[in-house]
Every structure is written in C-alpha cells, then in structure tokens.
Amino acid sequence: MRAGFKAAGFQVLTDSKYLTSQNYLMPGDILLNDVNHVATNIGIGKNSGYSQNVVVKDSAANKKSLDEIAKEIATNPNHPWGNGDTRIQRLAAAGYTSAEISSIQNKINDLMRGTSSKPASTSPAAVPTYTSGTYSKTIARNGKVTANLLNIRMKPTIRSNNLTSYPILKYGTIVGVCMKTKDEDGDFWYYIRITGNKG
C-alpha cells in the first residue's frame, strides 16, 4: 500500500510528530502500519495548519488581489471559498463587490482552461445535462484537473466507491467532459472520459 499511495501522489511522512499524536494530522491523511492496519484520519490536528471552510471579512488593506483569489480557488483543493452561491456569499462577506466576484470567476475559468488572464475569444462548449436514460460518451469539451489529487467516483456522490481503473487523477490531467449532473446537495458532477493518460 505504501508504494501504491506514493505512486498515486501521496507524500510519505515519517517524522515522529506525525506518528505519535494527532496534533499534526489533517483530514484525509492515511495512517499506515505496513504490517497491521491502515486508517484514514478525519480530525483536524491543532498544529496541522489545516484551514476549515470559514472566511472572515478582510479589511481593505488586507484583501487579496482578484488574481490571488482566482488562483487559490483554481489550484487549491482545500480553498475556503466554496462553490456556486456559497462562493458568491463568502466573497461578498469578505468585501468583494459583484463586479469583482464576476471578474474572479472569469479568471478562474481562464486558469482552468489553461489560458491567460485575458478574456477568451470564444466560450467553452456547453456540456449537456443528464436527465434520464444513458450517459453520453461523446466528449462535449476537454477539462483539466485543478485539484492536487481528484477522486474519480463511480456515481455522482462522495459516498460512492472510486473507479477501479483510475481511482485518482493528478493535477493537470486533461479529460473529456461528456455530461454533467447534480448530486443530492445540488452540486455539479461531471461524467468524464479518460483516454489513458492519468497525469
């Protein structure tokens, strides 16, 4: 398992501070005893530096730039800003105007498409929404993994098992996006086609 986790992109930490208490552990850390057991940590260690999804209002002097916020959201899987309406509410609570929030979203879209911060000359192809029947295997557009590690689920829910052949994709992997659907919380999930390059 150690070799498998390392190959999937996990960082192996063996300092005693990680092995003797929970103080430096983050949610999702894998606790591996090579001979006896494996477990997943779900707590937040007091010295871990892990930030929960809580945003406090910045003063104007301490506000991050729009580029910084966009990069944080597009590249950091543990960013605190949320998605959809939650993101809009949190950015507004942190002092960003509607125009700034719209600009941040445009910058996020550019980063996820791998383009510059200049507005794209064409909009990305629309992805059809799944309603009933079968998922289409036709690629509507390409997408890029923007999380450090992305779990690939069998069904659109975090309670589903990971796909066996490609359980995790790494940052920067290009995939074909075929359809989208919503889970029970109203969050979008994408039905993707993987061509063989795990990233």
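A residue counts as buried when its relative accessible area is under 20%. Glu72, at 16% relative accessibility, therefore belongs to the buried residues. The structure discussed here is a predicted model. Of the 199 residues of the protein, 21% count as buried. This briefing considers the overall fold, the charged pairs, one unpaired acidic residue and the aromatic rings.

**Overall fold**

- The secondary structure of the protein consists of five helices and seven strands.
- Followed along the sequence, these elements give the pattern α-α-β-β-α-α-α-β-β-β-β-β.
- Among the contacts in the protein with a separation of 6 or more, 52% join residues that are 24 or more positions apart.

**Salt bridges**

- Side chains of opposite charge can pair when their charged atoms come close.
- The structure contains four salt bridges, and three of them are described below, beginning with the one that involves Glu72.
- Lys64 and Glu72 are joined through their side chains in a salt bridge, with a distance of 2.6 Å from N to O.
- The two partners differ in their exposure: Lys64 is partly exposed, with a relative accessible area of 35%, whereas Glu72 is buried at 16%.
- A further salt bridge is formed by the side chains of Asp67 and Lys107, at 3.0 Å from N to O.
- Asp67 belongs to helix 3 (residues 66-75) and Lys107 to helix 5 (residues 98-113), so this pair ties together parts that lie 40 residues apart in sequence.
- Within this pair, Asp67 is partly exposed at 44% relative accessibility, while Lys107 is buried, with a relative accessible area of 17%.
- The side chains of Glu184 and Arg159 also meet in a salt bridge, with 2.6 Å from N to O.
- Glu184 is found in the loop between strand 6 (174-182) and strand 7 (188-193), and Arg159 in the loop between strand 4 (149-151) and strand 5 (168-170), so the pair ties together parts that are 25 residues apart in sequence.
- Arg159 has a relative accessibility of 64% and counts as exposed.

**A buried acidic residue without a salt bridge**

- Asp183 is located in the loop between strand 6 and strand 7.
- Although Asp183 is buried, it has no salt bridge.
- The nearest side chain of opposite charge to Asp183 is that of Arg159, 7.9 Å away; a salt bridge requires the nitrogen and the carboxyl oxygen to be within 4 Å, so Asp183 and Arg159 do not form one.
- A polar atom of the Asp183 side chain does lie 2.9 Å from the backbone nitrogen of Asp187.
- When residues up to four places away in sequence are left aside, Asp183 touches Pro156 and Trp189.

**Aromatic pairs**

- A pair of aromatic rings is described by the distance of the centres and the angle of the planes.
- The count of aromatic pairs in the structure comes to two.
- Tyr18 and Tyr24 form an edge-to-face pair, with 6.3 Å from centre to centre and 75° between the planes.
- Both tyrosines are partly exposed: Tyr18 has a relative accessibility of 21%, and Tyr24 has one of 29%.
- The rings of Trp81 and Tyr96 have centres 6.5 Å apart and planes at 85°, so this pair is likewise edge-to-face.
- Trp81 lies in the loop between helix 3 and helix 4 (84-93) and Tyr96 in the loop between helix 4 and helix 5, so that the pair links parts of the chain 15 residues apart.
- Both of these rings belong to buried residues, since Trp81 has 4% relative accessibility and Tyr96 has 4% as well.

**Charges over rings and the setting of Tyr24**

- The charged end of Lys17 sits over the ring of Tyr24, at 4.6 Å from the ring centre.
- In a second case, the charged end of Lys180 sits over the ring of Phe188, at 4.8 Å from the ring centre.
- Tyr24 itself is located in the loop between helix 2 (16-20) and strand 1 (30-33).
- Tyr24 and Gly45 are 21 residues apart along the chain, and 4.9 Å separates their C-alpha atoms.
- Not counting residues up to four places away in sequence, Tyr24 touches Lys17, Tyr18, Asp29, Gly45, Asn47 and Ser48.

Notes:
Residues numbered from 1 in each chain as written. Predicted model: local features only at pLDDT ≥ 70, side-chain atom pairs only at ≥ 80, totals over all residues. Heavy atoms only, no water. Buried < 20%, exposed > 50% of the residue type's maximum accessible area, 1.4 Å probe, protein only. Helix = DSSP H or I, 4+ residues; strand = E, 2+ residues; numbered from the N terminus. Lys, Arg positive; Asp, Glu negative; His and termini not counted. Polar contact = N/O pair within 3.5 Å; in protein donor to acceptor, adjacent residues only side chain to side chain. Contact = heavy atoms within 4.5 Å. Phe/Tyr/Trp six-rings, centres within 6.5 Å; stacked < 30°, edge-to-face > 60°. Lys NZ or Arg CZ within 6 Å of the ring centre and 35° of its normal.
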